[in-house]
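Here's a walk through the pockets, cavities and a few individual residues of one chain. Have the viewer open while you read.

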Amino acid sequence: MKTIQGVVLGLLLLVGCTPAQTQDTTPAKLPALKPGEAVATFAGGCFWAQEEGFDQLRGVREVVSGYAGGHVKNPTYEQVGTDETGHAESVQVYYDPKVISYNDLLEAFFAGHDPTTLNRQGPDVGRDYRSVAFYRTPEEKRAIETAIQRTNASGHYKNAVVTEVLPLKAFYPAEGYHQNYCKLHPNQPYIRSVSMPKVEKLRKAMKGKLKNEGQHSI
């Protein structure tokens, strides 16, 4: 469960963050694919950082936070947080493969979170925070498996990658108030202390492939 984030969110509501009763709990709408565009889905811990990280990449048009990998249709944030729906907090990335490749996205994915910690990312613990790369085609599956082998061989991480490789069965967009969360709440303690270090880690690894190669700020 997102116990740490839940506490932080509760505290922020007391100091001026958007009141819970006015938060948009309606699931976001998925964008329509544009001609020549592709879509990829990943889970790597809290979707706030994953969304912001992938949005930094040149060739990425839009990133949607949501839930994937579970067995309950149209789950809510609260349901996913119980760890009983099987879902992981995920992001769906809409990108132009002529500008950025699927392999580039995989490189960003493995750089932007720790793929070696089982069912947790930093302070966030639970299967809803597990690392998953979802594939849509056999080619994507092979690319993921190759990326895992490459990451293990690089020695970048002390431990072996535990990322799950799963076929995408369904992606459910998260509630509206979760979308663009980093950009909308840049001064939130969790964003500053947990999310943005992950984003900066991704930016460092993807230098030369960023929309903004200068100093990043939100």
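## Ground rules

A pocket here is an open set of points on a 1 Å grid over the protein atoms alone, with protein on both sides within 12 Å along at least five of seven lines; a cavity is a set of points where a 1.4 Å probe fits but cannot get out, and lining residues have an atom within 4 Å of a point. Grid points are joined across faces, edges and corners, and a volume is the space filled by probe spheres set on the points.

This is a predicted model, where local features need pLDDT of at least 70 and side-chain atom pairs count only at pLDDT 80 or more, while totals for chains, interfaces and linings use all residues. Residues are numbered from 1 along each chain as its sequence is written, and side-chain values use heavy atoms, with hydrogens and water left out.

## The chain overall

The chain has 7 helices and 8 strands. These are DSSP runs numbered from the N terminus, with helices being H or I over at least four residues and strands being E over at least two. Of the 218 residues, 50% are buried, where buried means under 20% relative accessible area, exposed means over 50%, and partly exposed is in between (1.4 Å probe, protein chains only).

The accessible surface comes to about 10500 Å², and 56% of it belongs to carbon and sulfur atoms. Those areas come from the Shrake-Rupley method with a 1.4 Å probe; for residues, only the protein chains shown count as cover. Among contacts with a separation of 6 or more, 79% are between residues 24 or more positions apart, with contact meaning heavy atoms within 4.5 Å.

## Two pockets

The second largest pocket holds about 150 Å³ of space. Its lining includes Gly69, Gly70, His71, Val72 and Lys73, along with His87, Phe134 and Tyr172. By class, that lining divides into 6 nonpolar, 4 polar and 2 charged residues. For the classes, Ala, Val, Leu, Ile, Met, Phe, Trp, Tyr, Cys and Pro count as nonpolar, Asp, Glu, Lys and Arg as charged, and the others, Gly among them, as polar.

The largest pocket has about 260 Å³. Helices α4 (102-111), α5 (138-154) and α7 (189-205) each give at least two residues to its lining. Among the lining residues are Leu106, Phe110, Arg150, His156, Tyr157 and Lys201, and the class split is 6 nonpolar, 3 polar and 3 charged. As for α4 itself, 8 of its 10 residues are buried, so this helix is largely enclosed by the rest of the structure. Leu106 and Phe110 are among those buried residues.

## Cavities and α2

How many cavities of 30 Å³ or more does the rule count? There are 3. The largest cavity has a volume of about 40 Å³, and Ala49, Gln50, Gly53, Phe54, Gly112, Lys198, Val199 and Leu202 line it. Helix α2 (47-55) and α7 each supply at least two of those residues, with α2 giving the largest share, 4 residues. The lining splits into 4 nonpolar, 3 polar and 1 charged.

Why is α2 described as largely enclosed by the rest of the structure? Because 9 of its 9 residues are buried.

## Three residues to click on

Lys183 sits in helix α6 (residues 181-184) and is partly exposed at 36% relative accessibility. A polar contact of 2.8 Å links its side chain to that of Glu52, one of the buried residues of α2. A polar contact is a pair of N or O atoms within 3.5 Å; within protein, one must be able to donate a hydrogen and the other to accept it, and residues adjacent in sequence count only if both atoms are side-chain atoms. The C-alpha atoms of Lys183 and Trp48 are 9.4 Å apart, with their positions 135 residues apart along the chain.

Gln92 belongs to strand β3 (residues 88-95) and is buried at 6% relative accessibility. Its side chain makes a 3.0 Å polar contact with the side chain of Arg136. Leaving out residues up to four places away in sequence, Gln92 also touches others including Leu30, Val39, Glu62 and Phe171.

Thr116 is in the loop between α4 and β4 (120-121), and it is buried at 13% relative accessible area. The side chains of Thr116 and Asp114 make a 2.6 Å polar contact. Beyond its neighbours within four places in sequence, Thr116 is in contact with Tyr157, Asn159, Ala160, Val161 and Val162. Tyr157 is also one of the residues lining the largest pocket.
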